[in-house]
Each structure stands twice: as structure tokens, then as C-alpha cells.
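Colleague: I should like to go through this structure with you and ask, for several of its descriptions, what they rest on.

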Amino acid sequence: MPLVQITNVTIGFRGPALLDEISCQLEVGQRIGLLGRNGAGKSTFMKIIAGLVPPDSGECVVSPGVKVAYLPQDVPTDLSGTIEQVVRQGLSAEDQLPDHEWQAQHKVDRLFSQMELDGSAEVSKLSAGMKRRVLLAKALVCEPELLLLDEPTNHLDIASITWLEDFLMRYVRSLLFVTHDRAFLRRLSNRILEIDRGRLFDWACDYDEFLVRKEAALAAEEKQNALFDKRLAEEEVWIRQGVKARRTRNEGRVRALKAMRLERSNRREKQGAAKLQVQAAERSGALVAEVEDVSFAYGDKPILNGFTTTLMRGDKVGIIGPNGAGKTTLLRILLGDLAPQSGSVRLGTNLQVAYFDQTRAQLDDEKTVQHNVCPTAEQVLINGKQRHVLGYLQDFLFPPERSRTLVKFLSGGERNRLLLAKMFLLPANVIVLDEPTNDLDAETLELLEERLVEFPGTLLVVSHDRQFLNNVVTSSLVFEPGGVREYVGGYDDWQRQSAANLLASEPEKKATGSAKIEPSGKKSKKLGFKEQRELDGLPKQIERLESSIAKRHTAMAEPNFYQQSPTKIAAAQAELKSLEAELAAAFKRWEELEALAS
């Protein structure tokens, strides 16, 4: 029996229906990724399942006894009390009865242990990431059979995202979630649902297979529409022929033409992709910033200690670290906005900086989309050419009526697109992006990645989106327990290099230790000939695998990679996944043999 049965559900607010007679069922054990463009109706779909929004028609039936919990996208601003008090608000009515108090307390305590929460801590003093963890605990304490998550990774750092992935894999059986984080989606989902132009498509596969099938489906749809439009045009020519043709006109053919006209008028075209265009300014000097032995602290909390680096024109640098580590502070020091407490920062010449602020403080909620981009005029200057502001905003998927909407009524994804539109009006040779990926749909994210890779200037990006970092940056500055360290490549490269460094830095056993006399009856462990030979060959094997993986990442980052046939793309992705699994196994085996040899 399905957990949820959705039958012919329709809902709309203004314009075409968001959901148009959709049907599906959600089963036990499925972890479903819900995809769709910004504004397609994903959150509305989840709210219908949660019982928060009634459909205009159709029905959504939750099976008897099935508990559904919903974690919304935004963290409420009025959270107060201790963690335990907030989490207890999620207990079922039965659990809150006096006779069941011990059972309720057991559920709460077990959840705190699993989620590493201190029930006595004040919620108002927690970071945004920890508040989301508390809200997740509130949703889980009633032990729901189905958990609904709307953008659960927003504003979480990488450590929190990987913790959330591990937790959901271990403790949550049935899950429906919306996310912009493709790595999160790839690891968790075993089924994909997609909302597109009011319809719901069940792809019944994981995310990688979905990408292959989706590309093929779009190509088939485009071909089918072209053939239909050609036939319709031919029929329109026929119906308008002269008197002789009208005498012999077939009434059945006329009726078929009327049906074709109706079908064409009801066709909902796929929303176009955003047309992001970066305005490059005059080239900066070869040197962008030279940082030498810089230290900075807030009170007794050190941010940087003896940090040294050099930024050159064309560098694309990712900044990685936990929330509160000081990533924004590091950005400000690199740009010369904040003076270090010791050390020196030398900036290059002719720097023109465009800044994307994750708080969206550059947007005025009480002004329209149009007036946020162009407050006093109707024309904008793009690469030396005048364009009407409404036409420019359509490149960022804002139709004229939406361009006249107040910013306070926009969704999170629309706000991010608007901030990109505002930022890209400024000619720049240095682009600074502070968490640019939140709420953006996959298509816009991929296009943004392409434009940033093509950008000839310098890029500094703070992001917790692992795939975004892998696809865009060429080096990473990482906040680690020992300070900020620089690595070549993106997130995956950092993970591999840091793991290799950890293994290489393990102290070798002293010779005296191996000659130490063991107590009677005990013998020291020694590797056999085959095991020792295997251990000796592992470093070269790991180096070879890392080199092969790096080459495939480079090839897949090329713009023309996804212009190949779906079969070749799927084969390349499968080969990459196999190499990564082989590398992980090699590292694990290295650790096992080192442990035996010690």
C-alpha cells in the first residue's frame, strides 16, 4: 500500500496551472529527489502532501496511520527556548499524554544522541545551520513514515551537509526532498520526480540516469514539436487555397485542423534558459593581490595566523570552511576592504570588483525588480550597447509583468537571479561570489558555471556546493584546524590531497620499537611477502588513479562534453564513478596494511 496517493491534482494561482491534473504515488523506502525550475511548483507540491495547502481539484490521500513531517525552506525568525522545548513541539498528540511521558522522553533523548544536540542549549544563540538541525529533529521526533525536506542544505557548511547526508541515509527510510545541491541529490536519491510546465514526470531512476534520459527526451520533444508545426503549417496553407480547393474540401480534414490549432494553442513551451552575460572590464595587472604573513583575530578567536598567498590575474579560487570560520573576513582582506592586524596586503592595479552578497543586502525589498536594476532610467549599457531594462531582465527569466513586481514578493531563486542581473551590469575584472548557488535551479547553475569558467578575469567564490567548486575553481583556500591551507583544484581535489597528506604525515615507527623485546607468548605483527609488496605498490597505484580521475574531470568540464551522445556521456560518468570507487578502496587498503605493519 502506498504511503501517499495523488490523483488528478490541479492547483494554480495566476496564469497557467502550477500543477495540472498530476498523479503519482509515493512508496515505502523511496528517497525521491523533486526537480523543476524556480517557480515550477515544487514547494506547493510538498505543501499539498503535508496538508498545508488544499488543491483546487483532485485529491491527495495519505494512507491511514502514516505520519508525514515537513521541513520548510526558511528558518523561522521567532525561534526561542531551549532545543528540547522546540523539539518537543513536534511530538504527536499521543506522545504528549501524561501516561506516555517516559516514551516521549526516550524518543527525544535518542534523537539528541543521534543528531549530536544539547537539549539545554538556547536556540536563539545557535547558527543558522544548527537551527536547521533543531528543526529537523522537531520534524523527526514524531517518527514520521515520510519526511519532506525543502532545500535542506541552504546555508549549511560542507561538514553539516555531509553529516545530514549520513544521517538521512542511516535513519530516514522514506524521503521527498527539493535541493539545488547536485552532490546531495546524487548521493541520496533513488527516484526522480520532475515538475515541468504543470506536468509531473516520474523518471524512476537515480540522478545520473535522469540526466541522460532527460537530454534524450528533450531532443525527442523538440523533434516532435517541429514535425507537428510543419504539418500544421501545411494544413493552414491548404485551408486558405482558392475556390476550386474549397469545393473539394474534406470536412473531416477541417475538423482535424481545428483540433490541431487547439492543441498548438494549449502547448506550454519550455521556459528558456537564463542568458547570463558577464561584462569584462579592462584587464587588471598581472598581480591581483599579494598577501604576506597576515594575521587577524576577533578578540581571542583567531581567523588568520601567518597566512601568505598570491593571487594572479585569471585565478579562480574557492574558499572553503565551516560557518563562522572567517571566510567573508578573508575575502575582505584579500580585496583590501579590511586591514590585517599584522602582515601586509599589496593589491594590483586597475582592479574593478563585482560583488555578490549572500545576504542580498544590495536589493531593496520595497522597490520593483526593474527599479532595483535600473533605478532612474529605462536603458542599460551592456558591453557598449544600449538595451531596454525589460529586455535585459528577460535574459534572467523575468517577464515584463514580473519585472514590475516588488522584490519582497520574489522567491529565493528569483532574488538570486536578480542579484546576478544587477551584478553583471557592472564591468569587472574581479568577480567575488559569496554563496551564489542557494535556491538556483540546476539549469541556471550550470549556465553560471559556464560563464564563470569562460570569464577571463579573477574569481573568488565562497561556496558549500561541492559540484560547483569542482566545476569552476582551479585552487582552494581551506580553513583547517591548523590554519588556512591552499590546495590545487576544487572540493574533490582537496579531499584527495588532504587524505594523502594525512597518511604521509603519520610518524614512522622508530627502529627501536621494532627491535623491542615482546612479553613472553606475544609476537610482533609482520606483513607477509605479498602484503608488503602490495603496500609498496599502493602509492603508485593511487597516483595513477588520481591522475586518471583528474583527466576525466578536465574532459567533463569542457563545454562540448555534453554535446556528445547520451550513451557516451553515461559511459564516461560510469567510468569516472568506477575510478573513484577504486581510489577509495586503494586508500582503505593502504590504511589496513599500514595498521598491520605498525
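Modeller: Please bear in mind throughout that this is a predicted model. Let us begin with strand S17.

Colleague: What makes strand S17 (residues 430-434) mostly covered?

Modeller: Five of its five residues are buried, where buried means under 20% relative accessible area. Val 430, Val 432 and Asp 434 point one way from S17, Ile 431 and Leu 433 point the other way, and all are buried.

Colleague: Which strands pair with S17, and in what sense?

Modeller: Strand S14 (residues 353-356) pairs with S17 in the parallel sense over four bridges, and Phe 356 stands opposite Leu 433 in S17. Strand S18 (residues 458-462) also pairs with S17 in the parallel sense, over five bridges, and here Asp 434 stands opposite Val 462. Pairing requires at least two bridges; with four bridges for S14 and five for S18, both meet that requirement.

Colleague: What unit do S17, helix H15 (residues 442-454) and S18 make?

Modeller: They make a right-handed β-α-β unit.

Colleague: Which strands are the edge strands of the open sheet S11-S10-S13?

Modeller: The pairing in that sheet is antiparallel. Strand S11 (301-312) and strand S13 (342-347) are its edge strands, as each pairs on one side only. From one strand to the next, the twist averages 15 degrees. Strand S10 (residues 287-298) is joined to S13 by five bridges, and Ala 289 stands opposite Leu 347 in S13.

Colleague: How many aromatic pairs does the structure hold, and why is the pair of Trp 203 and Phe 210 called edge-to-face?

Modeller: The structure holds eight aromatic pairs. The ring centres of Trp 203 and Phe 210 are 5.4 Å apart, with the planes at 80 degrees. Centres within 6.5 Å make a pair, and planes over 60 degrees apart count as edge-to-face, so this pair is edge-to-face. Both Trp 203 and Phe 210 are buried.

Colleague: Why is the pair of Phe 296 and Tyr 298 described as edge-to-face, and how do you know whether each residue is buried or exposed?

Modeller: Their centres lie 5.1 Å apart and their planes are at 80 degrees, so the pair is edge-to-face. Phe 296 has 7% relative accessibility and therefore counts as buried. Tyr 298, with a relative accessible area of 42%, is partly exposed, a class that lies between the 20% and 50% limits.

Colleague: What lies over the face of Trp 163?

Modeller: Arg 133 does, at 3.9 Å from the ring centre, and a charge over a ring must be within 6 Å of that centre. Ring pairs also link Trp 163, Phe 167 and Tyr 171 into a cluster.

Note on methods: Residues numbered from 1 in each chain as written. Predicted model: local features only at pLDDT ≥ 70, side-chain atom pairs only at ≥ 80, totals over all residues. Heavy atoms only, no water. Buried < 20%, exposed > 50% of the residue type's maximum accessible area, 1.4 Å probe, protein only. Helix = DSSP H or I, 4+ residues; strand = E, 2+ residues; numbered from the N terminus. Right-handed = clockwise from strand over helix to strand, strands pointing away. Axes fitted to C-alpha atoms, helices over the stretch in contact; angles between N-to-C directions. Phe/Tyr/Trp six-rings, centres within 6.5 Å; stacked < 30°, edge-to-face > 60°. Lys NZ or Arg CZ within 6 Å of the ring centre and 35° of its normal.
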